[in-house]
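Take a moment with the model before reading on. Turn it slowly and keep the sequence at hand.

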Amino acid sequence: MLAPAVLYILLLVAGPFLLAIFYAFSDARIGNTQLHFVGLENFRSILQSPSFRIAVRNSFIFTIGSQIVVIIASSILAIALEQPFRGRGMLRFLMLLPWVAPIALGAIGWKWILDSIYSVISWVLVALHLYKPFGAPMWLGEPHLAIASVLLVHSWRLIPFSTVILLAGRTAIPKDIPEAAAVDGAGFWRTEFLILLPMMMPIISVAVLFGIIFTFTDMTVVYILTAGGPFDSTQVLPSLAFTLGIQGSDLAAGAAISLTLVPLLVIIAYLMLRVAHRAEVT
Amino acid sequence: MGRREKNHGLSRRDFIALTGRSALALGAASGPFFLFPERAAAQQKTLKILQWSHFVPAYDTWFDGTFCKEWGQKHDTNVTVDHINLVDLPAKAASEASARRGHDLVMLLSPPAAYEKQTIDMTHVYQEVEKRHGKKIDLAHKSTYNPKTKRYFAFSDSYVPDPGNWHKDWWAAAGFPNGPDTYEELRVGAKKIRDTTGHPCGLGLSQELDSSMAMRALLWSFGGAEQDEAGNVTINSRNTIEALKYMKALYQEAETPEVFTWTPPSNNQAMLAGRVSYVANAISITRQAEREHLPIESKIMVSRALRGPVRRIAAEHVMDCYVIWDFAENKDGAQQFLIDYIDAFHDGFAAGQFYNFPCFPHTVPDLKKEIANDPRATPPDKYNVLGDVLDWATNVGYPGYASAAIDEAFKGWVIPTTFAKVARGDETPENAAKAAEDEYKRIFARWK
């Protein structure tokens with residue numbers, strides 16, 4: 001029964017992972033037919049690259065920033081969607097769309113929304129006379145705006161997933177607990193922050209950890225939206241690995257960059273398992 | 001018996017017997033392939049080609065529908081052509097090289113020196129074509145030849161000029177009725193246009209092909225270069241610093257941050273939308289305007305590459321480079337295809353509406369005459385300025401060869417990134433030139 005799962009892990013996880021380790025310590029190039037062991041040379045080389053340092057910084061900015069936005073937004077949405085109201089089913093369905101749609105499709109949509117020539121946002125701002133025709137913000141052209149745009153799209157994509165998890169967590173809390181709190185005179189904020197939030201912490205942790213992994217390892221949003229630009233200012237580790245390793249022909253450097261993700265992802269995986277275990281025990 | 005007599009037609013038994021005999025007779029007459037069609041297919045060779053979706057769609061129509069079809073019939077070969085977006089070509093080629101499976105013939109748009117060890121030597125193809133059509137241009141030689149190994153890692157059939165495209169009315173109003181001819185005129189005129197009309201200049205500063213070519217043209221025109229003829233890194237020079245200073249001034253006086261978002265179609269989109277005053281691009285912009293009868297067509301003019309303080313020079317907009325993998329299934333067919341393709345190059349030149357210029361000039365002997373009068377264009381002599389393109393077009397890696405290290409630096413977008421950082425004011429020209437030198441040395445060291 002376990003065979004398909006084991007086969008999957010061996011072929012699609014362990015195999016590429018071992019190959020990446022092999023490449024990272026070799027002089028592998030696209031087109032090379034022979035490989036030589038080069039020790040830590042690839043790691044030394046990428047550490048010298050300014051693009052790598054920017055990519056590390058951005059990976060953390062996008063991951064941490066988007067998770068803050070996602071948890072706040074999804075908590076609000078979960079509270080709202082928990083209440084019965086007309087059209088709640090339809091709203092829940094619509095809210096899920098960004099998650100179920102392919103990431104590439106959503107990112108292309110956002111690329112046009114934020115485009116320098118055809119941006120609908122810029123068009124509205126100009127139409128409202130808030131900006132002159134050629135003075136509207138270049139969402140993907142200014143480093144800070146580009147970083148904010150990438151962060152926004154990551155958040156947009158992850159909010160539905162997080163909301164569903166939090167909603168499931170809230171519905172699992174016995175109704176008599178908030179009711180008892182209300183009888184004791186606790187208001188909305190006190191009930192939410194002092195009673196429900198501590199109870200929700202394990203489930204919030206799950207949402208955050210999944211969100212971290214999805215964001216930290218994703219290159220689609222950056223690749224489609226900015227291709228790492230303007231001038232590497234939105235580059236993240238996966239997109240830099242792709243740019244150098246695949247497009248730039250330097251497989252070894254690409255593999256070395258990819259491997260730098262591993263220690264962090266191992267820590268996150270460990271935390272996820274701990275949280276899951278704790279939730280199981282309680 | 002009675003029933004048989006009544007039925008004057010065929011009984012089921014008769015029908016089965018008759019069709020069975022017919023099938024056997026037909027099978028015997030046509031050999032074993034009727035009954036075993038896969039054997040027939042096995043007899044026919046296949047040739048799989050991967051190339052970009054051309055910016056002039058009429059070229060693809062001719063290539064797929066006419067040339068490949070006729071060539072396939074003549075050589076009893078099933079030719080399949082897969083067209084993909086030019087942005088995806090490097091990744092697709094990389095995946096094929098790594099998997100050692102894929103197309104027989106792959107066309108890339110910049111010199112693919114990094115693949116030398118996985119491609120066959122194209123010397124034979126060049127020799128055959130030169131026997132028929134005379135010598136190739138130096139641009140093709142330097143883009144596909146490795147002087148160290150003395151091998152041609154690719155075969156170049158054509159290159160695409162990278163002229164200036166400018167808006168006639170705005171430049172005339174700015175005092176340049178013939179458009180900018182020098183980088184200094186570009187700076188003065190583009191600033192004036194932006195100050196008076198708001199329309200910025202559109203010289204790209206992004207991590208993509210067009211910006212990469214435009215910034216190389218600027219670098220070389222100011223006397224800078226990534227390497228010397230011997231392949232030594234020379235990027236950190238006084239000339240490079242001057243080029244960086246120029247770009248900073250041009251950006252601050254005449255451009256907007258949208259040039260940092262540039263993608264390969266951006267030149268076309270911005271020019272056709274009537275947004276920018278000048279871009280460096282192939283003639284696909286005006287061809288699209290002609291094809292779609294856009295009113296702006298008559299306003300967009302084409303000019304030679306700009307002259308800098310040192311010389312007038314530009315990279316080609318794209319360089320067609322065909323490679324044949326050493327693991328290709330039909331290497332002979334692929335080589336013959338290229339040889340025959342050059343025989344028909346003039347048809348491709350016409351079908352592509354002069355987009356691709358020949359690497360074997362004898363295939364289009366009256367090129368200047370043909371482009372001098374094009375009834376599709378307004379005015380008909382719009383493309384006349386491209387007649388002397390070989391005087392100002394050069395290869396990636398100039399003044400040296402397009403080596404594997406140059407290829408990696410090209411695909412890693414070192415040049416446009418360096419110019420962009422200076423233009424934004426995030427780096428001083430001196431520091432940026434030094435940083436670029438470090439990056440080039442790092443890359444060159446990895447390919448030694």
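The paragraphs below go from the whole of one chain to its parts, and then to its partner chain.

Keep in mind that this is a predicted model. Start with chain B. The chain has 448 residues, and 53% of them count as buried. Its C-alpha trace spans about 105 × 55 × 40 Å along the principal axes. Along the chain there are 19 helices and 14 strands. Now look at contacts between residues at least 6 apart in sequence. In chain B, 76% of these join residues at least 24 apart.

Next, split the chain. Chain B is divided into two domains. Domain 1 covers 45–160 and 318–372. Domain 2 covers 164–316 and 401–446. Each domain is thus listed as two stretches of sequence. The centres of the two domains, taken over C-alpha atoms, are 27 Å apart.

Which pieces of domain 1 of chain B touch domain 2 of chain B? Begin with the count: the contact takes 25 residues from domain 1 and 16 residues from domain 2. On the domain 1 side, helix 7 (138–144), strand 4 (145–146), strand 6 (158–160) and strand 11 (318–319) of chain B each supply at least two residues. Helix 7 of chain B gives the most, with three residues. By class, this side of domain 1 has 19 nonpolar, four polar and two charged residues.

Two of those strands meet again in a sheet. This open sheet of chain B has three strands in the order 11-6-13, with antiparallel pairing. Strand 11 and strand 13 (357–358) of chain B are the edges, and each pairs on one side only. Two bridges join strand 6 of chain B to strand 11 of chain B. Find B:Tyr159, which stands opposite B:Met319 in strand 11.

Move on to strand 12 of chain B, residues 321–324. Its side chains alternate: B:Cys321 and B:Val323 point one way, and B:Tyr322 and B:Ile324 point the other way. Are these four residues buried or exposed? All are buried. Strand 12 of chain B runs antiparallel to strand 3 (residues 105–108) of chain B, and four bridges join them. Within this pair, B:Leu108 has B:Cys321 as its bridge partner.

Helix 14 of chain B takes up residues 331–343. Here is a quick check on its length. At 1.5 Å a residue, its 13 residues should span 18 Å, and the end C-alpha atoms are 19 Å apart, so the two values agree. The buried residues of helix 14 of chain B include B:Gly333, B:Phe337 and B:Ile342.

Now find another open sheet of chain B. Three strands form it in the order 8-7-9, with antiparallel pairing. The edges are strand 8 (278–280) and strand 9 (300–303) of chain B. Neighbouring strands of this sheet are turned by 25 degrees against each other on average, direction ignored. Three bridges join strand 7 (residues 164–167) of chain B to strand 8 of chain B. Here B:Trp166 stands opposite B:Tyr278 in strand 8.

Finally, bring in chain A. How many residues of chain A are in contact with chain B? There are 29, and they meet 34 residues of chain B. Helix 2 (41–48) and helix 11 (237–247) of chain A each supply at least two residues of the side that touches chain B. Helix 11 of chain A gives the most, with four residues. This side of chain A has 12 nonpolar, 13 polar and four charged residues.

Methods
Residues numbered from 1 in each chain as written. Chains lettered and ligands numbered in written order. Predicted model: local features only at pLDDT ≥ 70, side-chain atom pairs only at ≥ 80, totals over all residues. Domains from an automatic or database assignment. Contact = placed C-beta atoms within 7 Å. Nonpolar A, V, L, I, M, F, W, Y, C, P; charged D, E, K, R; others polar. Buried ≥ 20, exposed ≤ 12 C-beta atoms within 10 Å, placed from the backbone. Pairing = 2+ DSSP bridges. Expected span 1.5 Å × (residues − 1). Axes fitted to C-alpha atoms, helices over the stretch in contact; angles between N-to-C directions.
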